[in-house]
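This briefing sets out selected features of one protein model for a structural reader. The points are grouped by topic and are best followed with the coordinates open.

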Amino acid sequence: MVVEKRAAAATAAEEEEVEEAAAVAALASAWREVQGAGDWRGMVEPLHPLLRDEVVRYGELVAACYRAFDLDPASKRYLNCKHGKKQMLPAVGMAGAGYTVTRYIYAAPDVPLPFGVGGRCSCAGKSRWIGYVAVASNREAARLGRRDILVSFRGTVTGSEWLANFMSALSPARFDPADPRPDVRVESGFLSLYTSDALSGKFTCGSCRNQLLSEVTRLIDKYKHDDVSITLAGHSMGSSLAILLGYDLAELGLNRGGRGGRGGAIPITVFSFGGPRVGNLEFKRRCDELGVKVLRVANARDPVTRMPGVVLNEAAARVFRVELPWSKACYTHVGVEVALDFFKASHAACVHDLDAYINHLLDGGAAASATTTTLESWRWQMAAIRAGEWLQTLGI
């Protein structure tokens, strides 16, 4: 009997190894499709197992930002990363992630106080740790089928970042000085966070944009003889930064060197978790033209995914079916949506929580129900947001 049990255990272990090897081979051969080469046709409904595993994996790499972020006001590293680059992933329980962190990224939103109050908020202009750049190790690159350059962004934490989230006015991105494309507009708060230089603080290393363009370009050049992918992942406000970076890299043509994709362009893929809208219809069109692939994982109960543009959005533009002057003020989501539906009456904030997103994906994405009382409260909140956006649109 003992011998039979040992034989059965050995057989089960061998079968598991075979299945794991098959999964690795499947990912290595299908990585372009998983990264959105075919716009994820046939992979979203239902969610393909390979895609689900990759979405969860990138979600965990974003969650590492939160686990490593220092929220202790008494700490010398307050609002920065607790760990050095080499120790960060192991320190948050991800020693086997297969990535080497190459640079930390800092951002400093230049955000004035709302409603025209004089001065600026006390935290404006100070750089804060916003995420990291990493690259797949040799072993991980073999598993993935390519050398993956990853940029991972956390979501909103500081007061100035919250203010940036509510700056719903659209501003021209103007990333390419040779062709500024003034009709391509993005949310001014996200743009400020991405492009503003740090005015003070311990870490003053230029704008978030310059840090990212410099490091990603360096890694592209370093691995120019490999098959390369650029993956940008973020939660909430971090997903907005990921989309801005993806657009920026493609608009400047910085992904056109190397062997990563067909036609000589390295594929750029954004995995967005609970992300808001970022820009207008022209921004979406330009992202599509440039081949920036965005997979939006969005909970139907998450109000953040409906902002900005609660009133003026893609639905409003479709009603009239013609482009009017105000159409340029309509926000539009970019990419393909993976729709989730979860809620816990005992923990209403879970609708936007990254760990809840990841756990729901792991559980198979089964829908959860909400209580009538809580949903009614949520509708009132959305009505208040709509009213605020109308006032801002009217210049009040």
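Arginine 57 and glutamate 54 both belong to helix α2 (residues 49-68), where 3 residues, about one turn of the helix, separate them. Their closest N and O atoms are 2.8 Å apart, in a salt bridge. Both arginine 57 and glutamate 54 are buried. The model is predicted, and its mean pLDDT is 82.

**Salt bridges**

- The pair in α2 belongs to a wider set, as the count of salt bridges in the model comes to 21.
- Aspartate 248 and arginine 209 form a salt bridge with an N to O distance of 2.6 Å.
- Aspartate 248 is part of helix α8 (residues 237-252) and arginine 209 is part of helix α7 (residues 208-222), so this pair ties together parts that lie 39 residues apart in sequence.
- Aspartate 248 counts as buried because its relative accessibility is 0%.
- Arginine 209 is likewise buried, with a relative accessible area of 16%.
- One network, built from salt bridges that share partners, joins Asp179, Arg181, Glu251, Arg286 and Glu289.
- Arginine 52 is in a salt bridge with aspartate 53, and the closest N and O atoms of this pair are 3.5 Å apart.
- Arginine 52 is partly exposed at a relative accessible area of 28%, and aspartate 53 is partly exposed at 44%.

**A buried aspartate without a salt bridge**

- Aspartate 302 is located in the loop between β9 (293-299) and α10 (314-320).
- Although aspartate 302 is buried, it has no salt bridge. Arginine 306, the nearest side chain of opposite charge, is 7.7 Å away.
- Which polar partners does the side chain of aspartate 302 reach? One is the backbone nitrogen of valine 304, at 3.0 Å. Another is the side chain of tyrosine 357, through a polar contact of 2.8 Å.
- When residues up to four places away in sequence are not counted, aspartate 302 touches Gly274, Val351, His352 and Tyr357.

**Nonpolar cores**

- In soluble globular proteins, nonpolar side chains tend to be buried together.
- The largest nonpolar core of this model contains 49 residues. Leu51, Leu61, Leu89, Tyr99, Trp129 and Tyr132 have the most contacts inside that core.
- Helix α2 gives the most to this core, contributing 11 residues.
- Leucine 61 contacts Leu89, Met94, Ala97, Tyr99, Tyr132, Leu150 and Ser152, leaving aside neighbours within four places in sequence.
- A second core, separate from the largest one, has 45 residues, among them Ala107, Leu213, Tyr247 and Val334.

**Backbone features**

- The peptide bond from glutamate 45 to proline 46 is cis, with omega near -5 degrees. Proline 46 is placed in the loop between α1 (2-34) and α2.
- The peptide bond from methionine 307 to proline 308 is also cis, with omega near -20 degrees. Proline 308 occurs in the loop between β9 and α10, which is also the loop that holds aspartate 302.
- Arginine 181 is not a glycine, yet its phi is positive, at about 45 degrees. The loop between β4 (170-172) and β5 (185-187) contains arginine 181.
- Arginine 181 is partly exposed, with a relative accessible area of 26%, and takes part in the salt-bridge network described above.
- Serine 236, another residue that is not a glycine, has a positive phi of about 60 degrees. Its place is in the loop between β6 (228-235) and α8.
- Because its relative accessibility is 8%, serine 236 counts as buried.

**Confidence of the prediction**

- In the protein, 72% of the residues reach a pLDDT of at least 70.
- Residues 14-21 stay under a pLDDT of 50. For this stretch the model has 0 contacts beyond four places in sequence.
- Residues 113-124 are also below 50 in pLDDT. Here the model has 17 contacts beyond near neighbours in sequence.

Note on methods:
Residues numbered from 1 in each chain as written. Predicted model: local features only at pLDDT ≥ 70, side-chain atom pairs only at ≥ 80, totals over all residues. Heavy atoms only, no water. pLDDT = per-residue confidence, 0-100. Contact = heavy atoms within 4.5 Å. Helix = DSSP H or I, 4+ residues; strand = E, 2+ residues; numbered from the N terminus. Buried < 20%, exposed > 50% of the residue type's maximum accessible area, 1.4 Å probe, protein only. Lys, Arg positive; Asp, Glu negative; His and termini not counted. Salt bridge = Lys/Arg side-chain N within 4 Å of Asp/Glu carboxyl O. Polar contact = N/O pair within 3.5 Å; in protein donor to acceptor, adjacent residues only side chain to side chain. Core = buried A, V, L, I, M, F, W, Y, C linked by side-chain atoms within 4.5 Å.
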